[in-house]
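Here are a few friendly notes to read alongside the structure. Take them in order, with the model open beside you.

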Amino acid sequence: MGGMSMNQSIAQRVTGILSLVSGAAALLTASAAVLGDRLFAYFFFPHGIAASSIGIIGGADGPTAIFVTTRIDPKLILICWSVLLALLSAGGFAAYCLMKMKRNSNNQ
């Protein structure tokens with residue numbers, strides 16, 4: 001395996017898998033919070049009289065801010081989540097490519 005020991009290779013794979021799992025968990029948690037809030041408002045306040053707000057401030061490795069308030073058009077929420085998912089996918093793909101390039105350069 002070049003200059004890499006087998007334990008380092010396994011550690012890199014485990015780290016990559018755990019990163020993907022934690023990112024997916026964060027996305028699912030945020031989605032569940034937004035959808036849960038909307039379902040709660042729909043079932044308990046069917047006439048639209050409700051106050052709702054979701055805020056996620058701060059991240060483990062940098063500044064993160066997600067604010068969702070009431071009276072947002074559902075199409076706009078769908079567009080925002082689609083853009084967020086696309087950006088997260090692009091970032092994950094870029095990180096994967098960089099790790100693959102680094103691994104290939106270490107193996108040569």
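**Notes on the predicted model**

1. Let us begin with Leu88, which lies in helix H2. Please keep in mind that this is a predicted model. With a relative accessible area of 47%, Leu88 is partly exposed, because that class runs between the 20% limit for buried and the 50% limit for exposed residues. Its partner to look for is Ala24: the two are 64 residues apart in sequence, while their C-alpha atoms are 9.7 Å apart in space.

2. Now for the overall layout. The protein has 2 helices and 2 strands, and reading along the sequence gives the pattern α-β-β-α. There are 108 residues in the protein, and buried ones make up 11% of them.

3. Where does the largest pocket have its centre? Of its lining residues, Gly23, Ala24, Ala26, Leu27 and Leu88 lie nearest to that point. So you meet Leu88 and Ala24 again here, the pair separated by 9.7 Å from C-alpha to C-alpha, and both are part of this central group according to the lining list. The volume of the largest pocket is about 740 Å³.

4. Which helix gives the most to the lining of the largest pocket? That is H2, with 9 residues. Helix H1 takes part too: H1 and H2 (74–107) each supply at least two lining residues. The full lining counts 24 residues, and by character they divide into 14 nonpolar, 9 polar and 1 charged.

5. Stay with helix H2 for a moment and find Gly92, another residue of this helix. Gly92 has a relative accessibility of 36% and therefore counts as partly exposed. Ser19 is 73 residues away from Gly92 in sequence, yet the C-alpha to C-alpha distance between them is 9.4 Å.

6. Next, turn to helix H1, which spans residues 6–44 and contains Val14. Is Val14 buried or partly exposed? It counts as partly exposed, because its relative accessibility is 42%. Together with Ile10 and Leu18, Val14 makes a nonpolar surface patch of about 260 Å².

7. Last, a look at one of the strands. Strand E2 covers residues 65–69, and Ala65 has its place there. Ala65 counts as exposed, since its relative accessibility is 51% and exposed means over 50%. Gly55 sits 10 residues from Ala65 in sequence, and 7.2 Å separates the two in space, C-alpha to C-alpha.

How values were computed. Residues numbered from 1 in each chain as written. Predicted model: local features only at pLDDT ≥ 70, side-chain atom pairs only at ≥ 80, totals over all residues. Heavy atoms only, no water. Patch = residues over 30% accessible without salt bridge, like charges linked within 9 Å, V, L, I, M, F, W, Y side chains within 5 Å. Areas by Shrake-Rupley, 256 points an atom, 1.4 Å probe, with all protein chains shown as cover. Salt bridge = Lys/Arg side-chain N within 4 Å of Asp/Glu carboxyl O. Helix = DSSP H or I, 4+ residues; strand = E, 2+ residues; numbered from the N terminus. Buried < 20%, exposed > 50% of the residue type's maximum accessible area, 1.4 Å probe, protein only. 1 Å grid on protein atoms, 1.4 Å probe; cavity = no way out; pocket = protein on both sides within 12 Å on 5 of 7 lines; lining within 4 Å. Points joined across faces, edges and corners; volume = space filled by probe spheres on them. Nonpolar A, V, L, I, M, F, W, Y, C, P; charged D, E, K, R; others polar.
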